[in-house]
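Please work through the exercises below with the sequence and the structure open beside you. Each task is followed by a solution that goes step by step.

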Amino acid sequence: MAKDRARRDERAPEPDQLVVRGVLGDAGLDPEDLRANAVANRDLYGFFAISVWLVGADYPLGSLEQTKLVKFDQYAEFVVADLVGHGLELWATGQSPHYDVVHSRNDLDALVEVMVATPHQVRSNPHVDREEH
Amino acid sequence: MIYIDLPADLNFEDDEGRNIARLSEAVNPSAIHHGSVLVAGAPRAWSWAVVDAIEDGFVYFRQISAQEAAQRGPLIAPLPRPA
């Protein structure tokens, strides 16, 4: 049985706000990584979703680079206006500034395909923590 | 090369801000239990971590520094032996 997912009662993100997601591998935003995240979320919470972070006044980009993204040497950066639409929505879930990118029909293939096709920039994280193993 | 004990997407968090991974994807699932210190993530995005809970096939963990990991035990875990 799926667990309940907490949704925060927040105002919808502004169209010009940025959304970022740490890149796991060498190939930029890899559809297989997005799919794995979406399926794991479905298995846990009952719906397909891809985890992202919303950049805002409380969590500026430089702060996220040193916290939620600190282990990532690269991250993908989207603009909210580009990301929402074409069936995609942003849900405020978990603890701020975590958001889920979901598809209005809970369609896994469409979720991944539309997100990968959405204009985005892959940026280097100047604050990455390359901790010794 | 980084030896990943528990493959994970460090973007994925639960409602308590803990990271989440599938227990079945761990290199050695039987060695993972509450309080285990391990390396979680992907080759280009990994962290030392401490396991907070295991429920319904998922591992919930918190990222910790190498210093904190060292305080909890040896940082170099033995490599798994081939079957």
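**Exercise 1. Describe how strands β3 and β4 of chain B are joined, and place them in their sheet.**

Step 1. The model is predicted, and in it β3 (residues 37-42) and β4 (residues 45-55) of chain B run antiparallel and are joined by 6 bridges. Within this pairing, B:Val37 has B:Val50 of β4(B) opposite it.

Step 2. Next, consider the sheet as a whole: 5 strands of chain B form an open sheet with mixed pairing, in the order β1-β3-β4-β5-β2. Because β1 (6-7) and β2 (19-22) of chain B each have a single partner strand, they stand at the edges, and one side of each is left without a neighbour in the sheet.

Step 3. Set the sheet in the context of its chain, whose secondary structure comes to 1 helix and 5 strands, with the elements following one another from the N terminus as β-β-β-β-β-α. Of the 83 residues in chain B, 31% are buried, and among contacts between residues at least 6 apart in sequence, 42% join residues at least 24 apart.

Step 4. Finally, check the confidence: chain B has a mean pLDDT of 90, with 88% of its residues at 70 or more. Confidence in chain B is highest in β2(B), at 98, and lowest in helix α1 (residues 66-72) of chain B, at a mean of 89.

**Exercise 2. Work out the strand order of the sheet in chain A, and find which strands stand at its edges.**

Step 1. In chain A, 6 strands form an open sheet whose pairing is antiparallel, and their order is β4-β5-β2-β1-β3-β6. Since β4 and β6 of chain A each have a single partner strand, these two stand at the edges, with one side of each left without a neighbour in the sheet. From one strand to the next, the twist averages 40 degrees.

Step 2. At the β4 end, 5 bridges join β4(A) to β5(A), and the two strands run antiparallel. One pair to locate is A:Ala92 with its bridge partner in β5(A), A:Tyr99.

Step 3. For β6 (residues 121-124) of chain A, take A:Gln121, which has its place in this strand. A:Gln121 has 11 C-beta neighbours inside 10 Å and therefore counts as exposed. A:Gln121 and A:Phe78 are 43 residues apart along the chain, and their C-alpha atoms are separated by 6.9 Å.

Step 4. For β3 (residues 74-79) of chain A, take A:Gln74, which is found in that strand. A:Gln74 counts as partly exposed because it has 19 C-beta neighbours inside 10 Å, while a residue needs 20 or more to be buried. Leaving aside neighbours within four places in sequence, A:Gln74 is in contact with A:Val23, A:Val122, A:Arg123, A:Ser124 and A:Asn125. The C-alpha atoms of A:Gln74 and A:Asp26 lie 9.1 Å apart, although 48 residues separate the two in sequence.

**Exercise 3. Explain why the buried residues of helix α4 of chain A line one face, and state what they pack against.**

Step 1. Begin with the buried residues of α4 (residues 108-117) of chain A, which include A:Leu111, A:Val112 and A:Met115. Seen down the axis of α4(A), its buried residues fall within an arc of 90 degrees, and so they line one face of the helix.

Step 2. Turn then to the other side of α4(A), where A:Asp109 and A:Ala117 are exposed.

Step 3. The packing partners of the buried residues of α4(A) are α1 (31-45), β2 (50-54), β4 (88-92) and β5 (98-103) of chain A. The helix α4(A) lies across β2, β4 and β5 of chain A, and runs at about 115 degrees to β5(A).

**Exercise 4. Characterise the contact between the two chains, with attention to the side of chain A.**

Step 1. The contact takes 22 residues from chain A and 19 residues from chain B. On the side of chain A that touches chain B, the elements that give two or more residues are β1 (18-22) and α1 of chain A, and the largest share, 5 residues, comes from α1(A).

Step 2. Sorted by class, this side of chain A has 6 nonpolar, 8 polar and 8 charged residues.

Step 3. For the scores of the model, note an ipTM of 0.95 and a pTM of 0.93.

Terms used: Residues numbered from 1 in each chain as written. Chains lettered and ligands numbered in written order. Predicted model: local features only at pLDDT ≥ 70, side-chain atom pairs only at ≥ 80, totals over all residues. Pairing = 2+ DSSP bridges. Helix = DSSP H or I, 4+ residues; strand = E, 2+ residues; numbered from the N terminus. Buried ≥ 20, exposed ≤ 12 C-beta atoms within 10 Å, placed from the backbone. Arc of directions from axis to C-beta. Contact = placed C-beta atoms within 7 Å. pLDDT = per-residue confidence, 0-100. Nonpolar A, V, L, I, M, F, W, Y, C, P; charged D, E, K, R; others polar. Axes fitted to C-alpha atoms, helices over the stretch in contact; angles between N-to-C directions.
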